[in-house]
Amino acid sequence: MSVSRSVTPRPVAPRPVTITVIAILLALLALFSAVGVFTTRTGLFQQPRQQGVLPGNNPQGGNSQGGGNSQGGGNFQRGNGNFQPRGGFGLFSMFGAARTLGINFRAISYISFAVSILGIALALVAAYGVWKQKRWALNLAIVLAILFLLGALPGLFALGGRNFNLLLRSSLNVLRVFATLPIIFLGILPSVRDSVS
């Protein structure tokens, strides 16, 4: 006669609510960032640019045209106007520094896009790892939340509301800040850190 033994599964500890909240906030952070990248990169909600008058073709002789002002002293002209064109040299201007270093703006755009996609992918990996209660994922979530927060803060102080694209970007920055702060604060709590292995 053989005796069959029944194997009872080990009781699984319930997942803490804070872990679930962190995982959901990381997924939302990835979603907000993906929407921001998609709308910025594709120009989905950008307003069309208005076509200006070519230099020298202004029949009234306006001040902002290159050769339209017959006196030669317009406000936006290169020679002796009041407002000299920006750019130039020096490391205090981002564009001037990039031009001085010989960096192509298209390359900067591609690098920025790649970093954004990498950040979104890492946020999703961290969300899955936090859901599985892994300590490395919680550490990654805190680091990513700090980086996303630092990236979103300058956008909070930008002037918005002029068009839908700026309003959308400002709203996404506010949502990113509201998603990152609880991740940081919950992630450093000792009770949360003790619940991951």
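Helices (H or I, at least four residues) and strands (E, at least two) are taken as DSSP runs and numbered from the N terminus. The structure is a predicted model, in which local features require pLDDT of at least 70, side-chain atom pairs count only at pLDDT 80 or more, and totals for chains, interfaces and linings use all residues. Residues are numbered from 1 along each chain as its sequence is written, and side-chain values use heavy atoms, with hydrogens and water left out.

The chain contains six helices and zero strands. Read from the N terminus, the order of elements is α-α-α-α-α-α. Of the 197 residues, 27% are buried, where buried denotes under 20% relative accessible area, exposed over 50%, and partly exposed the range in between (1.4 Å probe, protein chains only). The exposed surface of the chain is about 13900 Å², and carbon and sulfur atoms supply 65% of this area. Accessible areas were computed by the Shrake-Rupley method with a 1.4 Å probe, and for residues only the protein chains shown count as cover. A contact is defined by heavy atoms within 4.5 Å. Among contacts in the chain with a separation of 6 or more, 58% are between residues 24 or more positions apart.

Helix α3 covers residues 105-131. The expected span of a helix is 1.5 Å times one less than its number of residues. For the 27 residues of α3 this should give 39 Å, and the end C-alpha atoms are 39 Å apart, which agrees. The buried residues in α3 are G119, I120, A123, A126, A127, G129 and V130. F113 also belongs to helix α3, but is partly exposed because its relative accessible area is 31%. The C-alpha atoms of F113 and V37 are separated by 7.4 Å, with their positions 76 residues apart along the chain.

Just after α3, Q133 adopts a positive phi of about 60°. Most residues other than glycine have a negative phi. Q133 is a residue other than glycine with a positive value. Q133 is placed in the loop between α3 and α4 (135-156), and counts as buried because its relative accessible area is 19%.

The segment after α6 (190-194) contains V196. With a relative accessible area of 6%, V196 is therefore buried. V196 and Q133 are 63 residues apart in sequence, yet their C-alpha atoms are 4.6 Å apart in space. Not counting residues up to four places away in sequence, V196 touches I19, Q133, K134, R135 and L138.

R15 is located in the segment before α1 (17-42) and is partly exposed, since its relative accessible area is 34%. Leaving aside neighbours within four places in sequence, R15 is in contact with T20, W131 and Q133. Two features link R15 to W131. R15 lies over the face of W131, at 3.9 Å from the ring centre; a charge is placed over a ring if NZ of Lys or CZ of Arg is within 6 Å of the ring centre and within 35 degrees of the ring normal. In addition, a polar atom of the R15 side chain lies 2.8 Å from the backbone oxygen of W131. A polar contact is a pair of N or O atoms within 3.5 Å; within protein, one must be able to donate a hydrogen and the other to accept it, and residues adjacent in sequence count only if both atoms are side-chain atoms. R15 and V196, 181 residues apart in sequence, have C-alpha atoms 9.7 Å apart.

Helix α4 has 22 residues and reaches 31 Å from its first C-alpha to its last, close to the 32 Å expected at 1.5 Å a residue. Its buried residues are A137, L138, A141, I142, L144, A145, F148, L149, A152 and G155.

Helix α5 (residues 164-187) includes T180, which counts as buried because its relative accessibility is 0%. Apart from neighbours within four places in sequence, T180 is in contact with L29, A145, F148 and L149. A polar atom of the T180 side chain lies 3.1 Å from the backbone oxygen of V177. N173 also lies in helix α5 and, at 10% relative accessibility, is therefore buried. N173 touches A152, G155 and L156, not counting residues up to four places away in sequence. The C-alpha atoms of N173 and G36 are separated by 8.8 Å, the two residues being 137 residues apart along the chain.
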